[in-house]
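Reader: I would like to learn how to read a structure one feature at a time. Could you walk me through this one?

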Amino acid sequence: MGKIEAMKKTYHVNEKGYYGNFGGAYIPEMLYPNVEELRKHYLQIMYEDSFQKEFKQLLKDYVGRPSPLFHAERLSQKYHTKIYLKREDLNHTGAHKVNNTIGQILMAKRLGKTRIIAETGAGQHGVATATVCALMGMKCIVYMGEIDISRQAPNVARMKMLGAEVRAAKSGSKTLKDATNEAIRDWISNPLDTHYIIGSVVGPHPYPDMVARFQAVISEEIEWQLQEKEGRSYPDHVIACVGGGSNAAGAFYQYLDDERVNLIAVEAAGKGIHSGESAATSVLGEDGIIHGSRTLLMQTKDGQITEPYSISAGLDYPGVGPMHAHLYESKRAEFISITDDEAMTAGLELSQLEGIIPAIETSHALAVFEQRKFKPEEIVVLNLSGRGDKDLDTYIKYFNL
Amino acid sequence: MNRINQKLQEDKKLLSIYFTAGFPKLHDTVSIIENLEKNGVDMIEIGLPFSDPLADGPTIQASSTQALKNGMTSKLLFEQLANIRQSVSIPLIIMGYLNPMMQYGIEAFCAKCKEVGVDGLIIPDMPVDVYHEQYQKTFEKYGLINIFLITPQTSEERIRFIDSISNGFIYMVSSAGTTGAKNSFSDSQATYFERIGAMNLKNPQIVGFGISNKDTFTQATQKAKGAIIGSAFIKHLSEHGATSVKEFVDGILK
Ligand SMILES: Cc1ncc(COP(=O)(O)O)c(C=O)c1O
């Protein structure tokens, strides 16, 4: 590698676990041995031939990959551009989350762990974790905020049916951030036999990087699928919604350092960015520490973490992964916020134009087409992160169906 | 000499008490500190409440939530402590998480500690290397002692490194777990206490997490220089109020 190339700007993590100023591992000493063990071994383990073979096999035969790249003609016509949908909604369990849980369960096995813990908000990551634990015969405990348990009853039932134990997080605001705290506390108390399968590109290094690498399969497939369909491996724009940021990280991954590709990250504005009920972390967040990572997070002036709001349970996380904080600050990615109403309308529109009912998280990404114009000759890939089955209740109530 | 170092030279086992600032009532802070000193406690850890205290068990979580509801902030804590050195002379340590300190400004926070007479800081989620590379100079500029944690899982090599960059005491976490009171220690904990005792570290060790009464205090301090009680004291305060400090301390020391 020449000197100039070696010094080329990169948006990937550096050796110390940082993306620009963000990232790192701000963890209590009690967690250090666990996180350090993972940090030392994750790359070596995940790039072993036997690991890659098993990972790819499961993604193919169990998850159903590759997920199709679908040219959405009616949607394209309406917005006068060329839109492809990356169909993560067709994965087993209904979202991209399973790419990561398959990877991490294989990691846990190779680290000799026998007990799995996870946090979940809406229950999607909890279900994806319970699923792979059933597949591998591992003990699974999912922490979920007490409030979310009552809001997301079907997913709680799915996790139980899959053999997982769902434990209520009763501290703080009793939602996702508190479930994450409880999972971390569990790990502190069970340092030897337990692996923590975190659900997004958040948490202490190496989690954001490890999860991004597992999700990178999304953009790896987009590359060859586009090559087949368009004769070029890159689009002009990639659009993805951002809660913690894992589906976006996966869709962006291969293009992070390819400046021909414009990256569009879509956050939930809730009832409006400045309504006090929002989850638009890039706009409302400040540099700080959440769940072991230095990143942008929503907080009071005094540094207390605040509770976000979005109609979509998968987007109301008060922080954002450190990769995305850096993409925002460096202006590498364009950040757009979408309100509840805009998202719901876009979800209904996709259902009726293309016959696909999207998860409400994904509906936020779809609403970008009303906000921002693309050129007719441009190729836009939108990551359809999940299907809407889990959200039917919310759609029914919202539209009086 | 820093008050912490002075105290560590005394020929006795030290009792350190943790409490959450702003709990049970917002303005109990000063009276709790004064009563702890009056009743023979050697050192005090003032908990700066945080919304997401990762290293804490249910008792301290609840006291932190209550303190925040009561209106506690970093700024208010420093206001409450403004005249504390007129009435109290034992070492005072602030224990809190990094995020609220970052928002205050690390340098401004350290400067304020020095101004009101706080002697040291315990920040469980501040990584050793981040302290070493970014903050050590600032802490030293304001004469503050930073206290690191070690646990039964901390490697010997890392303990030696932590010892080399510490200049007060080492906070020895008694077992894998978050803060919370226990009634007795196990054999493996006794082995751990002995193992660390035998390392002949340059910094004395003070044991914390799980100490709740006279028995656990005595056990913990067989090898170590002292012990810290937190959750048990918080529980006592929630049941008996801030005027009941003497009763609790007498139960340990008498
Ligand atoms: C379908 C779907 N999309 C997106 C998200 C947001 O998570 P992330 O930003 O990590 O992709 C979730 C989270 O639950 C989800 O279920």
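Author: Gladly! Let us begin with exposure: a residue counts as buried under 20% relative accessible area, as exposed over 50%, and as partly exposed in between. A:Pro33 has a relative accessible area of 23%, so A:Pro33 is partly exposed. Please keep in mind that this is a predicted model.

Reader: Where in chain A is A:Pro33 found?

Author: A:Pro33 belongs to helix α2 of chain A, which covers residues 32–46. For a sense of distance, take A:Pro33 together with A:Ala313: the two are 280 residues apart in sequence, and their C-alpha atoms are 32 Å apart in space.

Reader: Can we try the same reading on a whole helix? Is helix α10 of chain A largely enclosed or open?

Author: For a helix, one counts how many residues fall under the 20% cut-off for buried. In helix α10 (residues 207–215) of chain A, 8 of the 9 residues are buried, so the helix is largely enclosed by the rest of the structure. Among the buried residues are A:Tyr207, A:Met210, A:Val211 and A:Phe214, and the list also includes A:Asp209 and A:Gln215.

Reader: Now the backbone. What should I expect of phi and of peptide bonds in general?

Author: Most peptide bonds are trans, and most residues other than glycine have a negative phi. Exceptions are therefore worth picking out when you scan a backbone.

Reader: Which peptide bond from a histidine in chain A is cis, and what is its omega?

Author: That is the bond from A:His205 to A:Pro206, with omega near 15°. A:Pro206 lies in the loop between β8 (194–196) and α10 of chain A. Another cis peptide bond runs from A:Arg65 to A:Pro66, with omega near 0°. A:Pro66 is also in a loop, the one between α3 (49–63) and β3 (69–71) of chain A.

Reader: And phi? What is the phi of A:His291?

Author: A:His291 has a positive phi of about 45°, although A:His291 is not a glycine. Its place is the loop between β11 (286–290) and β12 (293–297) of chain A. With 4% relative accessibility, A:His291 counts as buried.

In chain B, B:Asn200 has a positive phi of about 50° and is not a glycine either. B:Asn200 lies in the loop between α9 (187–197) and β8 (205–208) of chain B. Here the relative accessibility is 67%, so B:Asn200 counts as exposed.

Reader: While we are in chain B, is B:Gln189 in helix α9 buried or exposed?

Author: B:Gln189 is in helix α9 of chain B and is buried, since its relative accessible area is 8%. Its C-alpha atom is separated by 18 Å from that of B:Leu201, which is 12 residues away along the chain.

Reader: How do I read the polar contacts of a buried side chain? What does the side chain of B:Asp42 contact?

Author: Look for pairs of N or O atoms within 3.5 Å. B:Asp42 sits in the loop between α2 (29–38) and β2 (43–47) of chain B. At 2% relative accessible area, B:Asp42 is buried. Its side chain makes a polar contact with the side chain of B:Lys7 at 3.4 Å. A polar atom of the B:Asp42 side chain also lies 2.8 Å from the backbone nitrogen of B:Leu15.

B:Asn39 is likewise in the loop between α2 and β2 of chain B. B:Asn39 is buried, with a relative accessible area of 16%, and its side chain reaches the backbone oxygen of B:Asn35 at 2.7 Å.

Reader: Last, the ligand. Where does the ligand sit, and which residues come nearest?

Author: Start with the site, then go to the contacts. The ligand sits in the largest cavity. There are 18 residues around the ligand, and A:Ser200, A:Gly243, A:Gly245, A:Ser246 and A:Ser385 come nearest. By class, the shell has 5 nonpolar, 11 polar and 2 charged residues.

Now the contacts. An oxygen atom of the ligand is 2.6 Å from an N or O atom in the side chain of A:Ser200. Polar backbone atoms take part too: a ligand oxygen is 2.8 Å from one in A:Asn247, and a ligand oxygen is 3.2 Å from one in A:Gly244. The protein covers 96% of the 390 Å² of accessible area that the ligand has on its own.

How values were computed:
Residues are numbered from 1 along each chain as its sequence is written. Chains are lettered from A and ligands numbered from 1 in the order in which they are written. This is a predicted model: local features need pLDDT of at least 70, side-chain atom pairs count only at pLDDT 80 or more; totals for chains, interfaces and linings use all residues. Side-chain values use heavy atoms; hydrogens and water are left out. A residue is near a molecule or strand if one of its heavy atoms lies within 4 Å of it. A polar contact is a pair of N or O atoms within 3.5 Å; within protein, one must be able to donate a hydrogen and the other to accept it, and residues adjacent in sequence count only if both atoms are side-chain atoms. Accessible areas come from the Shrake-Rupley method with a 1.4 Å probe; for residues, only the protein chains shown count as cover. On a 1 Å grid over the protein atoms alone, a cavity is a set of points where a 1.4 Å probe fits but cannot get out, and a pocket is an open set with protein on both sides within 12 Å along at least five of seven lines; lining residues have an atom within 4 Å of a point. A molecule sits in a cavity or pocket if more than half of its atoms lie within 2 Å of its grid points. Ala, Val, Leu, Ile, Met, Phe, Trp, Tyr, Cys and Pro count as nonpolar, Asp, Glu, Lys and Arg as charged, and the others, Gly among them, as polar. Helices (H or I, at least four residues) and strands (E, at least two) are DSSP runs, numbered from the N terminus. Buried means under 20% relative accessible area, exposed over 50%, partly exposed in between (1.4 Å probe, protein chains only).
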